[in-house]
Amino acid sequence: MDTKTEKMSHLIEHAAQDVRTLSHQMMPRVLQEVGVEEAIRDLVEGLKSTKSPTITFTSRHSAHRLSEKLEINIYRICQELINNSLKHANADEIHVMYYKAEGKMVLILSYFVDGGAQNKL
């Protein structure tokens, strides 16, 4: 292949990968198949493989599924909180907790900058 064709092929492959990544981030398969708890766990595990700061996920939720709309909203909120902690706070460490208390679902994200707790959301 000539240089222009190779460059075009590379750009197309890169665009296709970006579309797959975006699609996964918007509605990951694991969210549909097993629920929000495992989807958040999968999101955190995916971030661990990048150059992101230390990130942990703790949950104490049963296997009970929530409504699809609620699970999507919880996942997207968690995703946004993590992204904001990375992008705007430059967090060194992020802890995500998800559990059920008094019949309500609780999602807490704590992040640390320079070793000190900065915020709980």
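In the predicted model, Ile-94 is buried, with a relative accessibility of 0%. Ile-94 lies in strand β2, and its bridge partner in β3 is Tyr-111. When residues up to four places away in sequence are set aside, Ile-94 touches Pro-53, Thr-54, Ile-55, Thr-56, Ile-82, Ser-85, Leu-86, Leu-109, Ser-110 and Tyr-111. Pro-53 is 41 residues from Ile-94 in sequence, yet the two C-alpha atoms are 7.3 Å apart in space.

One of the residues touched by Ile-94 is Ser-85, which is placed in helix α4. Ser-85 is likewise buried, at a relative accessible area of 2%; the cut-off for this class is under 20%. Apart from neighbours within four places in sequence, the contacts of Ser-85 are Asn-90, Ala-91, Ile-94, Leu-109 and Tyr-111. Leu-109 and Tyr-111 also appear among the contacts of Ile-94.

Strand β2, residues 93–101, is paired with two strands, β3 and β1. With β3, residues 104–113, the pairing is antiparallel and extends over 9 bridges. The pairing of β1 with β2 is parallel and extends over 7 bridges. Within this parallel pair, Arg-60 has Tyr-99 of β2 as its bridge partner.

Side chains in a regular strand alternate between the two faces of the sheet. Strand β1, residues 54–60, has one covered face and one uncovered face. Ile-55, Phe-57 and Ser-59 make up the covered face, whereas Thr-54, Thr-56, Thr-58 and Arg-60 make up the uncovered face. Residues from both faces, including Ile-55 and Thr-56, are in contact with Ile-94.

Strands β2 and β3 form a hairpin in which 2 residues lie between the strands. Glu-102 is found in this loop and has a positive phi of about 50°. Most residues other than glycine have a negative phi. Glu-102 is exposed, at 84% relative accessibility. A positive phi of about 50° is also found at Asn-90, again a residue that is not a glycine. Asn-90 belongs to the loop between α4 and β2 and is exposed, with a relative accessible area of 54%. Asn-90 is nevertheless one of the residues in contact with the buried Ser-85.

Helix α4 also packs against helix α3. Two packed helices are described by the angle between their axes and the distance between the axes. For α3, residues 36–48, and α4, residues 68–87, the angle is about 25° and the axes are 9 Å apart. The two helices are therefore roughly parallel, since angles under 35 degrees fall in that class. The crossing of α3 past α4 is right-handed. From α3, the residues in the contact are Val-36, Ala-39, Ile-40, Leu-43, Val-44 and Leu-47; from α4 they are Glu-71, Ile-74, Tyr-75, Cys-78, Gln-79 and Ile-82. Of the residues in this contact, 10 are nonpolar, 1 is polar and 1 is charged. Ile-82, one of the α4 residues that meet α3, is also among the residues touched by Ile-94.

Terms used:
Residues are numbered from 1 along each chain as its sequence is written. This is a predicted model: local features need pLDDT of at least 70, side-chain atom pairs count only at pLDDT 80 or more; totals for chains, interfaces and linings use all residues. Side-chain values use heavy atoms; hydrogens and water are left out. Axes are lines fitted to C-alpha atoms, for helices over the stretch in contact, and angles run from 0 to 180 degrees between N-to-C directions. Helices (H or I, at least four residues) and strands (E, at least two) are DSSP runs, numbered from the N terminus. Angles under 35 degrees count as roughly parallel, over 145 as roughly antiparallel, 65 to 115 as roughly perpendicular and the rest as oblique. A crossing is left-handed if the near helix is turned anticlockwise from the far one by less than a right angle, and right-handed if clockwise. Contact means heavy atoms within 4.5 Å. Ala, Val, Leu, Ile, Met, Phe, Trp, Tyr, Cys and Pro count as nonpolar, Asp, Glu, Lys and Arg as charged, and the others, Gly among them, as polar. Two strands pair if DSSP finds at least two bridges between them. Buried means under 20% relative accessible area, exposed over 50%, partly exposed in between (1.4 Å probe, protein chains only).
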